[in-house]
Amino acid sequence: GTAEALVAGEVEGETWRVGESGPQCETPPQVLSVADATRIAEMALAVERALGEPQDIEWVLDATGELLLLQARPI
């Protein structure tokens with residue numbers, strides 16, 4: 001899938017910034033939609049709140065579009 005190509009350095013990742021004005025992709029979007037970026041940002045904030053400090057999270061969108069948290073670790 002796309003994750004393998006990203007890890008192998010065959011494709012460039014997307015850079016999203018999500019703030020009060022909404023999500024903005026700073027690179028050409030390839031995979032994520034604005035709605036996906038928003039859901040990921042909401043998940044990141046929820047994990048940060050639950051664990052009490054900013055986290056580096058790993059996530060996946062499954063075949064049905066469900067967002068799943070794989071792991072989190074402190075930044």
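**Questions on a predicted two-helix, four-strand chain**

The chain of this predicted model has two helices and four strands.

Me: In what order do the elements of the chain run from the N terminus on?
Reply: The elements to be placed are two helices and four strands. Read from the N terminus on, their order is α-β-β-α-β-β.

Me: Which element of the chain has the highest mean pLDDT?
Reply: Over the chain as a whole the pLDDT averages 91, and 99% of the residues score at least 70. Among the elements, helix H1, residues 2–7, has the lowest mean, at 80. The highest mean, 97, belongs to strand S4.

Me: Which helix gives the largest share of the largest nonpolar core?
Reply: The largest nonpolar core has eight residues, namely Trp 16, Leu 32, Ala 37, Ile 40, Met 43, Val 47, Ile 57 and Leu 67. Four residues of this core, its largest share, come from a single element spanning residues 34–51, which is helix H2.

Me: Which residues does Ile 57 touch, not counting residues up to four places away in sequence?
Reply: Ile 57 is itself a member of the largest nonpolar core, together with residues that include Ile 40, Met 43 and Val 47. With residues up to four places away in sequence left out, the residues that Ile 57 touches are Ile 40, Met 43, Ala 44, Val 47, Leu 69, Gln 71 and Ala 72.

Me: Is Asp 36 buried or exposed?
Reply: Asp 36 lies in helix H2, and, once residues up to four places away in sequence are set aside, it touches Val 31 and Leu 61. Its relative accessible area is 16%. Because a residue counts as buried under 20%, Asp 36 is classed as buried.

Me: Is Leu 70 buried or exposed?
Reply: Leu 70 has its place in strand S4, residues 67–74, and it joins Val 60 and Leu 68 in making a nonpolar surface patch of about 230 Å². The relative accessible area of Leu 70 is 55%. Since the cut-off for exposed is over 50%, Leu 70 is classed as exposed.

Me: What share of the accessible surface of the chain belongs to carbon and sulfur atoms?
Reply: The C-alpha atoms of the chain fill a box of roughly 35 × 30 × 25 Å along the principal axes, and buried residues make up 16% of the 75 residues. The accessible surface comes to about 5500 Å², and the part of it that belongs to carbon and sulfur atoms is 54%.

Definitions and conventions. Residues are numbered from 1 along each chain as its sequence is written. This is a predicted model: local features need pLDDT of at least 70, side-chain atom pairs count only at pLDDT 80 or more; totals for chains, interfaces and linings use all residues. Side-chain values use heavy atoms; hydrogens and water are left out. Patches are made of residues with over 30% relative accessible area and no salt bridge: like charges are joined within 9 Å, nonpolar side chains (Val, Leu, Ile, Met, Phe, Trp, Tyr) within 5 Å. Accessible areas come from the Shrake-Rupley method with a 1.4 Å probe; for residues, only the protein chains shown count as cover. A salt bridge is a side-chain nitrogen of Lys or Arg within 4 Å of a carboxyl oxygen of Asp or Glu. Buried means under 20% relative accessible area, exposed over 50%, partly exposed in between (1.4 Å probe, protein chains only). A nonpolar core is a set of buried Ala, Val, Leu, Ile, Met, Phe, Trp, Tyr and Cys residues joined through side-chain atoms within 4.5 Å. Contact means heavy atoms within 4.5 Å. pLDDT is the predictor's confidence in each residue, from 0 to 100.
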